[in-house]
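This report covers one buried helix residue, one helix pair and a set of salt bridges. The sequence and structure come first.

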Amino acid sequence: MRISDIQRCEVRPGRLVEWGFSPATVAAATVLPTDPRPPAYIQESHIRTARSVREGGLFVPTWLGTAFDLPGRVDLDMLEQALRGWTLRHETLRSGFRWVGDEMHRFTLDPDDVTLHREVVGDFTDADLLAGHLQDRFDEAADALDWPNLLYAAVVREDSTSVYLAFDHTNVDAYSLQRIPYEVRELYSAQVAGQPLTATPVASYVDFCEQERANANAIDDTHAIVARWREFIGRCDGRLPEFPVDLGLRPGDALPVQRLMREPLVDADAAAAFEAYCRPYGGSLVGVLAATSLIVHELGGRPVYRTVVPFHTRLKSAWSDSVGWYVGGAPIEVPAARDFDAALASVRAQLHANRSLARIPLARVLRLLGEDFRPTSPDLYSIVSYVDARLIPGSAGWSEQKAYGLLRVSYGDQVCAWVNRLPEGLWIACRHPDTDIASKNVRLYTEKLRELIVSVRPAALATAGAVTR
């Protein structure tokens, strides 16, 4: 799925309709007893960070969302039932948190208590005004420090209807977002056909949170994973790693506004050739990280590229269809290499040695380290992520359906880059500080990444030819 902001996801005029949880549902939540299942460490860290930044006087929206089209003018009653059915499938969406002193306590609604309230907002004839309105509404309704923290919308036209769903990050990760168009379309199609809304039960992210936290709490500061992180952070001068190029920021500056760069990177043939070349070393993830290590050394001059690589934590098949924030991180350190092959080998070795560190939430590790990691930014560290999204259900139709994963770009001092492999090729999106220097260096990084990916194609084709002869 292409990653974008709301301004560049093909918003078109039409009649705007919104759905949120009904007043009765919100009222039911206020009197719920505590759910003993705790928040995941990543959820708690996210909410505490949002509170810390807010207390510093800055409102930093961090919602995620998805957008996609349904053909024709939809039946709003049937779409509402599809959206409610999809919401009930995923327990985390009817679960939230309340503060008791300085502790977060969970509450979870029963499915029968969840209903949606529909409001026809009105007709929009200007696409830019509509995009701005959607962003403002999602900022308000999908706030990390409030509940409910989701909102659904549809822009209805005669020839097509655009559907938008936005959530606070505690509820979803990128993989969750990419499954939504297929699931909602299937439920809506079943409604239109008069078929029952039946589906295989989906495991609960709330249950996962409980299990993961119990596992994390079973370790102490003598654990080998904690020791590895301690050494890594020590070599990062006591901090988590930043993107090692000049971003035009000075120590002590206020949290800067960010901007999003997003565009096609290479076509399907070049993506396939890059994968073929990198496959002996572990595939395109290794390739993107190896390429990044070479490029940032050229741009920033540091002798070692240090980063935290995001990995999904859906280690059991039961979680594969579940909506939630299933992400951990593993540190890697890649010395400056003489060429791409050497960088590939180095990254492969680092991932093999360190990937298991993603099993323990970093927030738990930082707590055990006893360091003062009081967050002042919504991003603890910079990332470069790679995902092959072609096997996600419905991916073949994303282009025709104008399907996008949405990022809210607001404030932040880190660089977060996502490279997604789609049926049409590789797509890159990068959120970075909105300074001239950062924009220049992110543009250089992107262009050099494209050049390196394309440059391996002749070698990959030659290897493939030798194998077939």
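In this predicted model, Thr-25 sits in helix H1, which spans residues 23-30. Its relative accessibility is 0%, so Thr-25 counts as buried, the cut-off being under 20%. Apart from neighbours within four places in sequence, the contacts of Thr-25 are Leu-109, Asp-113, Val-114 and Thr-115.

**Helices H8 and H10**

Two packed helices are described by the angle between their axes and the distance between the axes. For helix H8 (residues 268-278) and helix H10 (residues 340-354), the axes come within 11 Å and cross at roughly 65 degrees. H8 is therefore roughly perpendicular to H10. On the H8 side the contact is made by Phe-274, Tyr-277 and Cys-278, and on the H10 side by Phe-340, Asp-341 and Leu-344. By residue class, this contact has 5 nonpolar residues, no polar ones and 1 charged.

Within H8, the buried residues are Ala-270, Ala-271, Ala-273, Phe-274, Glu-275 and Cys-278. The N-terminal end of H8 is capped by Asp-267, which has a side-chain oxygen 3.3 Å from the backbone nitrogen of Asp-269.

**Salt bridges**

Across the whole structure, 35 salt bridges are found. Among them are the three in the table, each with its N to O distance.

| Acidic residue | Basic residue | N to O distance |
|---|---|---|
| Glu-10 | Arg-2 | 3.9 Å |
| Asp-102 | Arg-51 | 2.7 Å |
| Glu-183 | Arg-179 | 3.1 Å |

In the pair of Glu-10 and Arg-2, Glu-10 is partly exposed, with a relative accessible area of 31%, whereas Arg-2 is buried at 13% relative accessibility.

The side chains of Asp-102 and Arg-51 meet at 2.7 Å. Asp-102 belongs to the loop between strand E4 (95-100) and strand E5 (103-108), and Arg-51 to helix H2 (residues 41-55), so this salt bridge ties together parts that are 51 residues apart in sequence. Asp-102 is partly exposed at 46% relative accessibility, and Arg-51 is also partly exposed, at 23%.

Arg-179 and Glu-183 both lie in helix H5 (residues 174-192) and are 4 residues apart, about one turn of the helix. An α-helix has 3.6 residues a turn, so residues three or four places apart point the same way. Both Arg-179 and Glu-183 are buried.

Which residues are joined into one network by salt bridges that share partners? The network consists of Glu-44, Arg-48, Arg-51, Asp-102, Arg-213 and Arg-367.

Note on methods
Residues numbered from 1 in each chain as written. Predicted model: local features only at pLDDT ≥ 70, side-chain atom pairs only at ≥ 80, totals over all residues. Heavy atoms only, no water. Axes fitted to C-alpha atoms, helices over the stretch in contact; angles between N-to-C directions. Helix = DSSP H or I, 4+ residues; strand = E, 2+ residues; numbered from the N terminus. Parallel < 35°, antiparallel > 145°, perpendicular 65-115°, else oblique. Contact = heavy atoms within 4.5 Å. Nonpolar A, V, L, I, M, F, W, Y, C, P; charged D, E, K, R; others polar. Buried < 20%, exposed > 50% of the residue type's maximum accessible area, 1.4 Å probe, protein only. Polar contact = N/O pair within 3.5 Å; in protein donor to acceptor, adjacent residues only side chain to side chain. Salt bridge = Lys/Arg side-chain N within 4 Å of Asp/Glu carboxyl O.
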